[in-house]
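The following numbered points are offered for discussion alongside the coordinates. They concern internal spaces, two helices and several individual residues.

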Amino acid sequence: MVNTSIKPPKAEKIPTELEMHGDIRIDNYFWMRLSDQQKNAATKDEQTQKVLNYLDAENEYYSQITAHTLDFKDQLFEEMKSRIKEDDESVPYKKNGYFYITKYRKGGQYPIFTRKKSSLEAEEQLLFDVNELAKGHDYFQLGGLNVSTNNELVAFAVDTVSRRQYVIQVKNLVTGEIYKDKITNTTGGSVWANDNKSLFYTKKDPVSLRSYKIYKHVLGTDASEDVEVYHEKDDTFNVGIAKTKSNDYIVIASYSTVSTEYRFLDANSPTSELKIVQKRERDLEYSVSHYGDFFYLLTNKDNATNFKLMKTPVSKPSKENWVDVIPHREDTLLEDISIFKDYLVLEERNNGLNKIRIKRWDNSEDYYLPFDEETYTVDVYANPDFDSELLRYSYNSMTTPNSVIDFNMKDQSKILQKEQEVLGGTFDKNNYTSKRVWATARDGKKVAISLVYRKDTELNENTPVLQYAYGSYGYTIPDSFSTVRLSLLDRGFVYALAHIRGSEYLGRQWYEDGKLLTKKNTFTDFIDCSKYLIANNYTSVKHLYAMGGSAGGLLMGAIANMNPELYNGIIAAVPFVDVISTMLDESIPLTTGEFDEWGNPKNKIYYDYIKSYSPYDQVKAKVYPNMLVTTGYWDSQVQYWEPAKWVAKLRELKTDSNILLMHTNMEAGHGGASGRFNALKETARDYSFILDLENKAK
């Protein structure tokens with residue numbers, strides 16, 4: 001039982017007056033915001049120490065209130081860990097004559113990257129043992145692995161802070177030497193030109209962390225001599241760089257929420273001038289793939305809301321030369337394509353479900369892969385081998401562990417390369433069931449809910465349900481398998497994934513209807529799904545729980561304000577809850593690039609609308625559910641002070657005695673702890689919170 005005699009921290013109130021459009025907001029906790037300079041200073045100033053003291057006090061309060069679940073959290077962690085094959089390895093994939101493998105060793109937190117030349121029987125070459133690299137670091141992330149065309153060099157990137165500001169270095173795979181070249185403040189990704197010495201990369205703005213410049217580094221020179229290739233001056237755009245699958249071109253993408261613009265240069269001539277595919281136009285989006293004499297463009301041109309595929313000559317790529325390859329369809333979202341020598345592979349979504357369509361370039365064949373379950377997820381791998389007849393994809397569902405399959409596009413045979421092992425001796429997929437139900441939203445729209453639970457779980461008003469959603473940026477959360485979720489299902493929970501507006505579950509319009517001045521559809525869809533589950537006797541308000549992270553944390557904040565009476569508990573992870581203040585501050589990472597997602601509150605119509613749902617601004621004196629709020633001190637996407645201020649204001653105004661907890665990971669950022677086992681501990685922390693509320697923390 002919770003010890004109610006322990007008093008929560010009480011944050012000092014220091015009123016700050018914030019004015020916009022004649023509207024004055026009083027922010028009593030504005031003082032919690034620290035600059036990067038303050039956070040990184042060796043000696044902490046008075047304000048910094050005050051903030052740290054408050055975060056420490058909240059962490060201590062969390063520890064005291066949850067002390068009775070400590071053994072249970074450890075039990076949950078060990079239970080989750082026991083299902084994982086600790087000495088696992090990936091299915092090797094072939095690229096440029098080498099097979100690449102990612103593996104884990106027993107007890108290892110981090111992956112090991114290796115490769116074999118020509119055949120799987122060849123001697124294995126170690127690229128990186130991240131367990132060794134991570135020693136001495138509280139947080140460690142290795143990313144951006146990129147092997148040169150001659151297979152002798154690998155660029156890699158390291159983040160030891162969790163701000164997603166990577167340092168790029170280069171390793172010689174022949175000698176094992178790590179070169180002195182160090183490139184700081186990058187996105188981590190890089191691209192080799194075909195001369196094997198020119199390395200292109202993306203720089204971040206040191207304050208806003210916007211990816212805004214492309215540079216070229218020549219191996220062996222100092223990074224201060226790197227040449228600026230492109231500068232994206234529009235602060236509503238970000239920039240990135242990639243190489244076409246054909247290896248013929250290096251492409252630079254400038255992108256915003258509603259517009260893209262691509263430039264390219266010959267990968268064999270890294271000093272050549274950039275050429276533009278098509279100048280940016282508002283509401284024109286396209287992406288670029290290459291095959292032969294053409295660029296293939298996934299685009300919304302000509303009001304193709306669900307996107308279509310077009311092609312254009314490389315020699316004259318502007319839009320007047322674009323012609324249809326796969327026309328637009330009102331009922332089918334074209335999500336991605338993969339190009340092979342003889343085949344075009346299309347990833348589509350129809351009525352919420354993934355589809356894989358395979359089409360020969362000569363039009364002699366055009367077919368879909370069959371999938372039988374009511375709800376599932378299928379993903380096409382990168383498939384870097386252009387000449388292959390094999391398509392590698394993964395398949396899983398909420399009841400079926402992940403499988404990696406090689407499908408022969410020529411004879412339509414398939415080979416199961418790997419099926420995810422669930423250890424522990426208790427899992428049997430036949431003990432679980434999943435289905436899709438459709439809730440009717442208040443405006444009549446049908447909203448899908450994917451459900452999974454044990455077959456022996458009785459569905460009634462006493463059944464605990466965890467309802468999850470995200471609902472922003474067009475991101476669709478897949479109906480996928482989870483080993484950690486079994487710890488809930490085996491204790492009688494139903495897991496409900498709500499495919500609310502703001503995702504692209506039902507096509508691009510489903511996203512458009514959940515952003516800007518229709519953003520509240522995201523929140524009301526979630527609430528209407530909750531009401532459906534209650535009305536149809538899947539659960540009751542005493543046993544319904546909600547969870548979401550980041551923009552899904554905004555969702556949690558909104559539903560807590562709008563209909564707190566529906567939920568016994570809410571978990572908000574790294575929640576974006578101070579929407580007005582964040583979107584008014586263009587020095588904060590992500591702000592300028594997201595005006596077309598949320599609206600620019602410098603425009604009064606958006607200011608008024610955002611304020612009407614912004615969780616921090618809408619906290620009122622009322623009864624709130626039991627709540628757990630989590631954040632990371634080094635978070636570069638949702639700064640720690642948003643949840644910290646929100647919790648302080650909730651403590652000040654809420655009229656109930658329900659539990660309100662905040663936990664800050666002082667060594668991590670937006671993605672939480674690094675290392676596969678540390679991440680499990682955070683999941684065990686979250687699950688123990690709701691299991692304790694259900695008196696199942698035993």
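1. The lining of the largest cavity in this predicted model comprises seven nonpolar, three polar and three charged residues. The space in this cavity is about 80 Å³. Thirteen residues line the cavity, and those closest to its centre are Thr-66, Thr-69, Leu-661, Phe-689 and Asp-692. At least two lining residues come from each of α2 and α13, with α13 giving the largest share, namely five residues.

2. In total, three cavities of 30 Å³ or more are counted. The second largest cavity holds about 50 Å³ of space. Which classes of residue make up its lining? Seven of the lining residues are nonpolar, four are polar and none is charged. Among them are Ala-469, Tyr-470 and Gly-471, together with Tyr-475, Thr-476 and Ile-477. The lining also includes Leu-497, Ala-498, His-499, Ile-500 and Ser-503.

3. Helix α13, a contributor to the largest cavity, has a span that can be checked against expectation. Its 18 residues should cover 26 Å at 1.5 Å a residue, and the end C-alpha atoms lie 27 Å apart, so the two values agree. Of these 18 residues, 14 are buried, and α13 is therefore largely enclosed by the rest of the structure. After α13 comes Asn-695, which has a positive phi near 55°.

4. Helix α2 runs over residues 46-65 and has 20 residues. The distance from its first C-alpha to its last is 28 Å, close to the expected 28 Å. At its N-terminal end, Asp-45 acts as a cap, with a side-chain oxygen 3.3 Å from the backbone nitrogen of Gln-47.

5. Which residues of α2 are buried? They are Thr-48, Val-51, Leu-52, Tyr-54, Leu-55, Glu-58, Asn-59, Tyr-61, Tyr-62 and Ile-65. For reading such a list, it helps to recall that an α-helix has 3.6 residues a turn, so residues three or four places apart point the same way. The packing partners of the buried α2 residues include the helices α1 (36-40), α3 (70-82), α12 (641-653) and α13 (676-693). Strands β36 (626-632) and β37 (660-665) are also among these partners.

6. The second largest pocket contains about 1,300 Å³ of space. Its lining has 42 residues, and Asn-238, Tyr-255, Ser-256, Thr-257 and Tyr-473 lie nearest the centre of the pocket. Two or more lining residues are supplied by each of β14 (238-243), β15 (249-255), β16 (260-266), β18 (286-291), β22 (332-339) and α6 (508-512). Strand β22 gives the most, with four residues. By class, the lining of this pocket has 17 nonpolar, 14 polar and 11 charged residues.

7. Two loop residues merit inspection for their backbone angles. Most residues other than glycine have a negative phi. Asn-196, however, has a positive phi near 65°, and it is found in the loop between β10 (183-192) and β11 (198-204). With a relative accessibility of 16%, Asn-196 is classed as buried, because the cut-off for that class is under 20%.

8. Phe-307 likewise has a positive phi, near 70°. This residue is in the loop between β19 (294-299) and β20 (308-313). Is Phe-307 buried or exposed? Its relative accessibility is 11%, and Phe-307 therefore counts as buried.

9. Asn-185 belongs to strand β10. The residue is buried, its relative accessible area being 15%. Beyond its neighbours within four places in sequence, Asn-185 is in contact with Gln-165, Tyr-166, Thr-202, Lys-203, Lys-204, Asp-205 and Pro-206. Two of these partners also appear in close atom pairs: the side chains of Asn-185 and Gln-165 are joined by a polar contact of 2.9 Å, and a polar side-chain atom of Asn-185 lies 2.6 Å from the backbone oxygen of Lys-204. As for Lys-171, it is 14 residues from Asn-185 in sequence, and the two C-alpha atoms are 19 Å apart in space.

Notes
Residues numbered from 1 in each chain as written. Heavy atoms only, no water. Expected span 1.5 Å × (residues − 1). Buried < 20%, exposed > 50% of the residue type's maximum accessible area, 1.4 Å probe, protein only. Contact = heavy atoms within 4.5 Å. Polar contact = N/O pair within 3.5 Å; in protein donor to acceptor, adjacent residues only side chain to side chain. 1 Å grid on protein atoms, 1.4 Å probe; cavity = no way out; pocket = protein on both sides within 12 Å on 5 of 7 lines; lining within 4 Å. Points joined across faces, edges and corners; volume = space filled by probe spheres on them. Nonpolar A, V, L, I, M, F, W, Y, C, P; charged D, E, K, R; others polar.
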